[in-house]
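These are my notebook entries from a session spent reading one structure. I kept each entry short and recorded what I looked up.

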Amino acid sequence: MSRIIAIANQKGGVGKTTTAVNLGAALAVAEKRTLVVDIDPQGNATSGLGVEDRESLPTVYDILIEGRTVEETRVAGVHFPCLDLVPSSRDLVGAEIELVQAPDREKVLRRALDRVRGEYDYILVDCPPSLGLLTLNTLTAADSVVIPIQCEFYALEGLSQLLNTIRVVQRGQNPELDIEGVLLTMFDRLLNLSKQVAAEAREYFGTKVYRTPIPRNVRLAEAPSFGEPIVLYDVLSAGAQAYLSLASEVIQRRDEADAAAQGVSS
């Protein structure tokens, strides 16, 4: 069953884009048809996947404001046959203002993705570090949310605002929205702080926390400057192995959930 997953946290620098790019690539390596949608005006997922000249390409801005379709804007087969991308552009900076006047403004992205969701196993949407209309559009379109949490002091502070936004969307626009998982990023097994944050996250979110943490890894940090996901840049690195493991966990969880749902319906 197709799954639209928002990757969201209003705090910057926690690994949202790194996760969108590298989880998307790892799912594609597993031959899961995957679409990455870059809805962050910074466009780091777009450049991180090596798509240049994005200002001359149709982008997610054209979907939200100009009524273009995903079919018209996606870049197919980015690095892998199973990986497509809807790029971002700097025009998105003004999109939130322009969306204010749009009818059903929270559902523009949802309508666009619903047209193509049957073509993909996973659609990952990289959200901006804010809780504005771009993120609201994404949460309204999504089936679930992956929340990256950096293993540092105050890691869980501010999450109440995101969780409250999720509850608001559940009540008003998307009652089926769920937390797909909580991902520990920049994890260092040798630091007590990382272990403490992991323990606090598991106490708060329980089994929603992925077993696979993403480690601090130099190769993972270098890969975006080469426009490659880590599985291409250095597949033997700790970062690559972590994202491949995370992809396996995501797939396993989804298979188990689908099997449980089929069992209930039968």
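The entries below go from the sheet to the helices and then to two single residues.

**Entry 1: the sheet.** I noted at the outset that this is a predicted model. I then asked in what order the strands of the sheet are arranged. Six strands form an open sheet, and I traced the order as E3-E2-E4-E1-E5-E6, with parallel pairing. Strand E3 (83-86) and strand E6 (178-185) are at the edges; each has a single partner strand, so one side of each lacks a neighbour in the sheet. I recorded an average twist of 20° from one strand to the next.

**Entry 2: the two edges.** I looked up how each edge strand is joined to its partner. At one edge, strand E5 (residues 144-150) and E6 run parallel and are joined by seven bridges. Within this pair, I found Val145 opposite Ile179 of E6. At the other edge, E2 and E3 also run parallel, and four bridges join them. Here Val36 has Leu85 of E3 as its bridge partner. I also checked which way the side chains of E3 point: Leu83 and Leu85 go one way, Asp84 and Val86 go the other way, and all are buried.

**Entry 3: helices on the sheet.** I returned to the pair E5 and E6, joined by seven bridges, and looked for helices that pack there. Helix H1 (residues 16-29) packs on the sheet and touches strand E1 (3-7), strand E2 (34-38), E3, strand E4 (122-126), E5 and E6. The direction of H1 makes about 165° with that of E4. Helix H9 (residues 192-205) also packs on the sheet, where it touches E5 and E6. For H9, I noted an angle of about 170° with the direction of E6.

**Entry 4: helix H7.** Is H7 mostly buried or exposed? I found eight of its nine residues (133-141) buried, so the helix is largely enclosed by the rest of the structure. The buried residues are Leu133, Leu134, Thr135, Asn137, Thr138, Leu139, Thr140 and Ala141.

**Entry 5: H7 against H8.** Two packed helices are described by the angle and the distance between their axes. For H7 and helix H8 (residues 159-172), the axes come within 10 Å and cross at roughly 55°. The two helices are therefore oblique to each other. I recorded the crossing of H7 past H8 as right-handed. H7 contributes Leu136, Leu139 and Thr140 to the contact, and H8 contributes Thr165, Ile166 and Val169. I sorted these residues into four nonpolar, two polar and no charged.

**Entry 6: Val78.** I located Val78 in the loop between helix H4 (70-73) and E3. Its relative accessibility is 7%, and since buried means under 20%, Val78 counts as buried. Leaving out residues up to four places away in sequence, Val78 touches Leu49, Val51, Leu83 and Leu85. Two of these contacts, Leu83 and Leu85, I had already met on E3, pointing one way from the strand.

**Entry 7: Tyr243.** Where is Tyr243 placed? I found Tyr243 in helix H12 (residues 238-265). Tyr243 is buried, with a relative accessible area of 1%. Again leaving out residues up to four places away in sequence, I listed its contacts: Gly15, Thr18, Thr19, Asn22, Leu23, Ala26, Ile214, Leu220 and Ile230. Finally, I compared Tyr243 with Asn174: they are 69 residues apart in sequence, and their C-alpha atoms are 29 Å apart in space.

How values were computed. Residues are numbered from 1 along each chain as its sequence is written. This is a predicted model: local features need pLDDT of at least 70, side-chain atom pairs count only at pLDDT 80 or more; totals for chains, interfaces and linings use all residues. Side-chain values use heavy atoms; hydrogens and water are left out. Buried means under 20% relative accessible area, exposed over 50%, partly exposed in between (1.4 Å probe, protein chains only). Two strands pair if DSSP finds at least two bridges between them. Axes are lines fitted to C-alpha atoms, for helices over the stretch in contact, and angles run from 0 to 180 degrees between N-to-C directions. Contact means heavy atoms within 4.5 Å. Angles under 35 degrees count as roughly parallel, over 145 as roughly antiparallel, 65 to 115 as roughly perpendicular and the rest as oblique. A crossing is left-handed if the near helix is turned anticlockwise from the far one by less than a right angle, and right-handed if clockwise. Ala, Val, Leu, Ile, Met, Phe, Trp, Tyr, Cys and Pro count as nonpolar, Asp, Glu, Lys and Arg as charged, and the others, Gly among them, as polar.
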